[in-house]
Amino acid sequence: MAMEMGSLGTLRCTNPHRIQTLSPFKPISYSPKSTLQLPRRLSSAFLGQTLQNRPLIPCKNVSRFKNLTPQAVSSDGQAKPTVLVAEKLGEGGLELLRSEANVDCSYNLSQEELCTKISLCDALIVRSGTKVTREVFESSRGRLKVVGRAGVGIDNVDLQAATEFGCLVVNAPTANTVAAAEHGIALIASMARNVPQADASMKAGKWQRNKFVGVSLVGKTLAVMGFGKVGTEVARRAKGLGMHVIAHDPYAPADKARAIGVDLVSFEEAITTADFFSLHMPLTPSTEKIFNEEAFAKMKKGARIVNVARGGVIDEDALLKALDAGIVAQEGVAVEIAEAVVGALKGELAATAVNAPMVPAEVLSELAPFITLAEKLGRLAVQLVAGGSGVKSVKVTYSSARAGDDLDTRVLRAMITKGIIEPISSAFVNLVNADFIARQRGLRISEERVLFDGSPQEPLESIQVQIADVESKFASAISESGYIKVEGKVKDGIPHLSKVGAFSVDVSLEGSVILCRQTDQPGMIGTVGNILGEENVNVNFMSVGRIAPRKKAVMAIGVDEEPSKAALKKIGDVPAIEEFVYLKL
């Protein structure tokens, strides 16, 4: 929408038009479409469980679901996910979605209809007209894995509820950037030269050339309010028109502004010195109605304002009758949001995720085997806790030859949280909601980094997980500090358990694990191996860690199948075995 301040301080609408294009997030250094295709074994851990095993939910109102085709399968025989498109989307985006999913285009749904339909959908795509409330996430019963906002603003999506339910929220912040910037410049130019008024006068059969001469843009000061992607592009184009450009954005880096000849200034300085304003800030509690009567009163007489942001940043009471907010759609938005939604359903992490920590694709690729290790160590550690002990304090130690600021551990912490919480609760934990669920359950996870004297080529040497103030069902897992302690490494891309308590072991974590504390004597490996062999349980790895020859030892056995209770009892009955535990991964 475009406005100009009259000589008496009144506002009038010269081009009642508004578009949503700005991003409320800091710029990132990698491509906004960069994603990482995770291995299949990691995909469910990150963004959701597989779709094939979900029960079908009976529906009374069949007519509202006529577009759903749950029986459809992909070329590899896997059941296709279902995507509900609740508002109009460009055909390019729809074609991309249909290639990977069952697409249900149902527009103008009431809140009740949306809540009824959402329980059969894995993804939801909206624009600004659909409210994705907590009730929607509750009604999805955990099936909804991604909400795509075809545009930038996400104030119509309950991010807190999405995070609690482990649902990823993605938007499309870049497809509109150039279009929005060009549109903003067009509005500035049309206001400066009174194009709408002159057009209306001409159509009315009048010739009032002198009345609509307007002003020149050369030498005028433009204040770009919000120096994100769109604001930056507007500034570049305004400089080319000979304008002096200043910008206000408390989060924009000064060197970025200086690089294109823009001065970063305070809000007060911007509103008192600018001739033109181009608005690009997000709608937040701090920016809502930031352009109010007090701000208008400090502006120059005849100041001109173009709002290429959210309507709520201007006091609606002051402009309600003059402004008519509209949405501009573009094919680029449809394709970008479709790509993000399809990627999320495949287990990829898109750079446009709103409510998940964004980790560059190259970092995720490098950490992939350690991500698996982190979850399995969490699962091992929590299964060693004796029944009735509440897990409240966990300490994670990363051993690395790299400097602390060169190691991003957010994903690893999330997966350790997943490994600890899921085996002892009904919660489903993923990268989106890990920190929230940990806080909700009173679980405190502290992290420590230890410098390892080695090559920094590998991101980590080992990960150690300790659980404090609990009893253990396997006494040998208690360290000198009194904590349950397990430690692991990655060897040739495979996670390995390397320490239990004070005992060093070396066992692959590809299956499940049996830990035995025993007297170190000949024949123990063969005895236990024969018991498992008789039960047709395949041993994939075996290792013995001991304090000294013929003293106490811990035998770690990796198995591919779950031993029967009878087989486990036979192992426990071996005279030299003092205690044992079966840990399911």
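Axes, for helices, are lines fitted to C-alpha atoms over the stretch in contact, and the angles between them run from 0 to 180 degrees between N-to-C directions. With that definition in hand, the tour may begin. Please keep in mind throughout that the structure on screen is a predicted model.

**The whole chain**

Display the entire protein chain first. The chain has 585 residues, and buried residues make up 52% of them. A secondary-structure colouring will bring out 18 helices and 22 strands. Of the contacts between residues at least 6 apart in sequence, 69% join residues at least 24 apart.

**First stop: helices α6 and α8**

Two packed helices are described by the angle between their axes and the distance between the axes. Select residues 177-192, which form helix α6, together with residues 229-240, which form helix α8. Their axes lie 8 Å apart, and the helices pack at an angle of about 50°. Angles between 35 and 65 degrees fall outside the parallel and perpendicular classes, and α6 and α8 are therefore oblique to each other. The crossing in which α6 passes α8 is right-handed.

Now show the side chains at the contact. Which residues of α6 meet α8? On the α6 side they are T177, V178, A180, A181, E182 and I185. On the α8 side, the residues are K229, V230, E233, V234, R237 and A238. Sorted by class, the residues of this contact comprise seven nonpolar, one polar and four charged.

**Second stop: a six-stranded sheet**

Move on to the open sheet built from six strands in the order β14-β13-β15-β16-β17-β18, with mixed pairing. Which strands stand at the edges? They are β14 (444-451) and β18 (503-508); each has a single partner strand, so one side of each is left without a neighbour in the sheet. On average, and with direction ignored, neighbouring strands of this sheet are turned by 20° against each other.

Within this sheet, select β15, residues 462-467, and then β16, residues 484-491. The two strands run antiparallel and are joined by five bridges. To find one pairing by eye, locate V465, which stands opposite V486 in β16. Then turn to β13, which also runs antiparallel to β15 and is joined to β15 by six bridges. Here K395 has Q466 in β15 as its bridge partner.

In a regular strand the side chains alternate between the two faces of the sheet. Strand β15 allows this to be followed residue by residue: S462, Q464 and Q466 point one way, whereas I463, V465 and I467 point the other way. Is β15 mostly covered or uncovered? The strand is mostly covered, with six of its six residues buried.

Add helix α15, residues 410-421, to the view. This helix lies across β13 (393-400), β14 and β15, and runs at about 140° to β13.

**Third stop: N307**

Select N307, which lies in strand β12 (residues 304-307). Residues under 20% relative accessible area count as buried; N307, at 1% relative accessibility, therefore belongs to that class. Select M225 as well: the C-alpha atoms of N307 and M225 are separated by 9.5 Å, although the two residues are 82 residues apart along the chain.

**Fourth stop: helices α17 and α18**

Choose helix α17 (residues 524-534) and helix α18 (residues 565-573), whose axes are 10 Å apart and which pack at an angle of about 165°. That angle makes α17 roughly antiparallel to α18. The crossing of α17 past α18 is right-handed. At the contact, V528, I531, L532 and E534 in α17 meet A567, K570 and I571 in α18. This contact has five nonpolar, no polar and two charged residues.

**Last stop: two loop residues with positive phi**

Most residues other than glycine have a negative phi. Two residues in loops show a positive value instead.

Begin with N536, in the loop between α17 and β20 (539-546). Its phi is about 60°, although N536 is not a glycine. Is N536 buried or exposed? At 67% relative accessibility, N536 counts as exposed.

Finish at K289, in the loop between β11 (276-279) and α11 (293-298). K289 has a positive phi near 55° and is likewise a residue other than glycine. With 34% relative accessibility, K289 counts as partly exposed.

Definitions and conventions: Residues are numbered from 1 along each chain as its sequence is written. This is a predicted model: local features need pLDDT of at least 70, side-chain atom pairs count only at pLDDT 80 or more; totals for chains, interfaces and linings use all residues. Side-chain values use heavy atoms; hydrogens and water are left out. Helices (H or I, at least four residues) and strands (E, at least two) are DSSP runs, numbered from the N terminus. Angles under 35 degrees count as roughly parallel, over 145 as roughly antiparallel, 65 to 115 as roughly perpendicular and the rest as oblique. A crossing is left-handed if the near helix is turned anticlockwise from the far one by less than a right angle, and right-handed if clockwise. Contact means heavy atoms within 4.5 Å. Ala, Val, Leu, Ile, Met, Phe, Trp, Tyr, Cys and Pro count as nonpolar, Asp, Glu, Lys and Arg as charged, and the others, Gly among them, as polar. Two strands pair if DSSP finds at least two bridges between them. Buried means under 20% relative accessible area, exposed over 50%, partly exposed in between (1.4 Å probe, protein chains only).
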